[in-house]
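Me: Please walk me through the protein shown below, one short question at a time. I would like the cut-offs explained as we go.

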Amino acid sequence: MLSLHAAEHPRRDRDAAPRIGLAIAGGGPIGAMYELGALRALDEACDGLDLARLDCYVGVSSGAFFAAGLANRMDTAELCRIFISGDSQDVTFRPETFLRPALLEYMRRAASIPRLTAKLTQDLWFGRGDSRWSDLVTRIGGLVPTGLFDNAEVERFLRDVFSRRGRSNDFRDLQRPLYVIGVDLDSGEAVRFGDTGWDDVPISQAVQASAALPGLYPPVEIRDKSGRARHFVDGALRRTMHASVVLDREVDLMLGINPLVPFNPGNDGDIEAASHRFSDRRIAEGGLPGVLSQTLRTMLQSRMQVGLARYAQQYPDIDQLVFEPNAADRELFYTNVFSFSARRRISQLAYRNTLADLRNRRDVLEPVLARHGITLREDVIADRPRSILAHLPPSGRSTETTAVLGRALDDIEHSLRRHRRGQSRRMV
């Protein structure tokens with residue numbers, strides 16, 4: 001599903017290179033795989049669009065993984081090899097890395113049991129009825145871990161990835177602005193890691209904080225400039241996609257991806273829907289997980305739609321494209337949002353959905369994209385049974401030295417291409 005707002009009065013100077021920004025929302029492991037499939041489709045289908053060389057990136061929660069990777073010049077093919085096919089020569093991804101129990105958190109909470117028991121016994125002994133029951137739930141709640149899984153492993157994984165082969169774990173060393181959004185748990189304030197005052201935080205730690213979904217991962221402690229310890233959680237708590245961060249950078253085109261939308265089966269009389277393995281299932285039958293999932297999806301998307309409507313008025317001179325799943329995608333809704341096992345299926349679904357959006361909205365998309373030097377590749381969007389993995393380029397072996405050299409040569413080639421395009425525009 002594609003939301004498109006075409007600029008009323010495109011402001012770009014014809015002689016200047018187009019400025020393009022990318023905003024990626026969150027959505028847990030399944031949302032991340034959907035985002036990767038959508039990014040790969042855009043990369044293949046849009047000639048003239050280089051997702052690893054955009055002018056600005058903002059990532060929220062699981063979307064921060066890919067925003068940080070792209071800002072570090074990791075192309076979508078390599079990201080697919082890491083997270084989907086598993087045949088990357090550079091990075092080895094193990095799903096269990098992201099789903100290790102937070103044993104230290106469990107032990108820390110369990111260590112407070114004797115103290116809590118003694119306090120409750122004292123209150124009962126002295127007949128303090130006001131605290132006997134009203135405080136009981138609060139005190140017992142202090143025994144519940146703040147997260148099921150240990151996100152320290154997430155940070156270590158990213159730190160390793162961003163510290164090799166010419167990549168950087170430092171916002172200040174990137175060639176293009178990257179913003180990762182986290183929310184201060186104590187104040188509810190949204191913080192832009194990578195912005196002034198927060199650009200000294202390692203990218204790996206910023207992503208760890210942005211993806212600290214309450215209940216799944218514990219809050220991440222980061223010290224501010226004054227040395228005060230602050231605890232950060234998932235950036236989606238304040239806004240779904242934080243697209244305004246990109247729009248405020250005075251881009252000409254904003255691309256957005258939101259992987260979570262509420263499920264709406266529509267007409268169950270449809271042959272394809274009726275034959276689906278979830279065709280006779282209703283959300284309430286899935287119990288609390290299904291109800292919570294639908295509630296979260298509805299809240300996130302409705303909030304984002306309000307924001308996009310406002311952005312259309314606030315930034316009328318910027319073309320805005322946001323890609324989302326189809327509301328009737330049963331497979332996406334009924335797949336465990338915290339599971340990595342379905343990553344190939346979900347990324348393929350996103351890949352084909354995005355290609356279908358480009359194909360079905362081609363008439364209105366082509367003139368918008370053309371303003372930014374982008375054309376749609378007919379051979380890609382017309383290939384309906386196209387597979388995300390079948391068209392990945394071969395992965396070449398390289399050492400640390402050759403990888404760094406390759407990035408340097410790629411920079412030179414890119415600069416020469418931009419110089420030639422600039423000369424061509426001036427001659428016209």
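Reply: Happy to help; the questions and answers below go from the whole chain down to single residues.

Me: Before we start, what kind of model is this, and how are the residues numbered?

Reply: This is a predicted model, in which local features need pLDDT of at least 70 and side-chain atom pairs count only at pLDDT 80 or more, while totals for chains, interfaces and linings use all residues. Side-chain values use heavy atoms, with hydrogens and water left out, and residues are numbered along each chain, as its sequence is written, from 1.

Me: How many helices and strands are there in the chain?

Reply: Both are DSSP runs numbered from the N terminus: helices are H or I with at least four residues, strands are E with at least two. By that rule the chain has 17 helices and eleven strands.

Me: What share of the residues in the chain is buried?

Reply: Buried means under 20% relative accessible area, exposed means over 50%, and partly exposed lies in between (1.4 Å probe, protein chains only). Of the 428 residues in the chain, the buried share is 49%.

Me: Among contacts between residues at least 6 apart in sequence, what percentage join residues at least 24 apart?

Reply: A contact here means heavy atoms within 4.5 Å. Of the contacts in the chain between residues at least 6 apart, those that join residues at least 24 apart make up 79%.

Me: Where does UniProt place the feature "active site"?

Reply: The annotation comes from an unreviewed UniProt entry, and such annotations may be inferred rather than shown by experiment; feature names are shortened and positions follow the numbering used here. The feature sits at Ser 61 and Asp 234.

Me: They are spread over 174 residues of sequence, so what is the largest C-alpha distance?

Reply: Despite that spread in sequence, the two cluster in space. The largest C-alpha distance is 5.7 Å.

Me: Which residues from this set are in the lining of the largest cavity?

Reply: On a 1 Å grid over the protein atoms alone, a cavity is a set of points where a 1.4 Å probe fits but cannot get out, and lining residues have an atom within 4 Å of a point. The lining of the largest cavity takes in Ser 61 and Asp 234.

Me: Is Ser 61 buried or exposed?

Reply: Ser 61 lies in the loop between β4 (56-60) and α2 (63-71). Beyond its neighbours within four places in sequence, Ser 61 is in contact with Gly 26, Ser 210, Ala 211 and Asp 234. Because its relative accessible area is 6%, Ser 61 is buried.

Me: Which backbone nitrogen does the side chain of Asp 234 reach?

Reply: Asp 234 is found in strand β8 (residues 229-234), and at 4% relative accessibility Asp 234 counts as buried. Leaving aside neighbours within four places in sequence, its contacts include Ser 61, Val 183 and Pro 214. At 2.8 Å, its side chain reaches the backbone nitrogen of Ala 236.

Me: How many of the residues of α2 are buried?

Reply: The buried residues of α2 include Gly 63, Phe 65, Phe 66 and Leu 70. Just after α2, Arg 73 takes a positive phi of about 65°. α2 itself is mostly covered, and the buried count is nine of nine.

Me: Why does Asp 410 count as partly exposed?

Reply: Asp 410 has its place in helix α17 (residues 400-427). Leaving aside neighbours within four places in sequence, Asp 410 is in contact with Arg 53 and Arg 73. Asp 410 counts as partly exposed because its relative accessibility is 29%.

Me: Why is Arg 40 buried?

Reply: Arg 40 is found in helix α1 (residues 28-45). Not counting residues up to four places away in sequence, Arg 40 touches residues including Thr 76, Tyr 351 and His 391. Arg 40 is buried because its relative accessible area is 7%.

Me: Why is the pair of Phe 193 and Trp 198 classed as it is?

Reply: Rings of Phe, Tyr and Trp (its six-membered ring) pair if their centres lie within 6.5 Å; planes under 30 degrees apart count as stacked, over 60 as edge-to-face and the rest as tilted. The structure holds eight aromatic pairs. The rings of Phe 193 and Trp 198 have their centres 5.5 Å apart and their planes at 85°, so the pair is edge-to-face.

Terms used:
1 Å grid on protein atoms, 1.4 Å probe; cavity = no way out; pocket = protein on both sides within 12 Å on 5 of 7 lines; lining within 4 Å. Polar contact = N/O pair within 3.5 Å; in protein donor to acceptor, adjacent residues only side chain to side chain.
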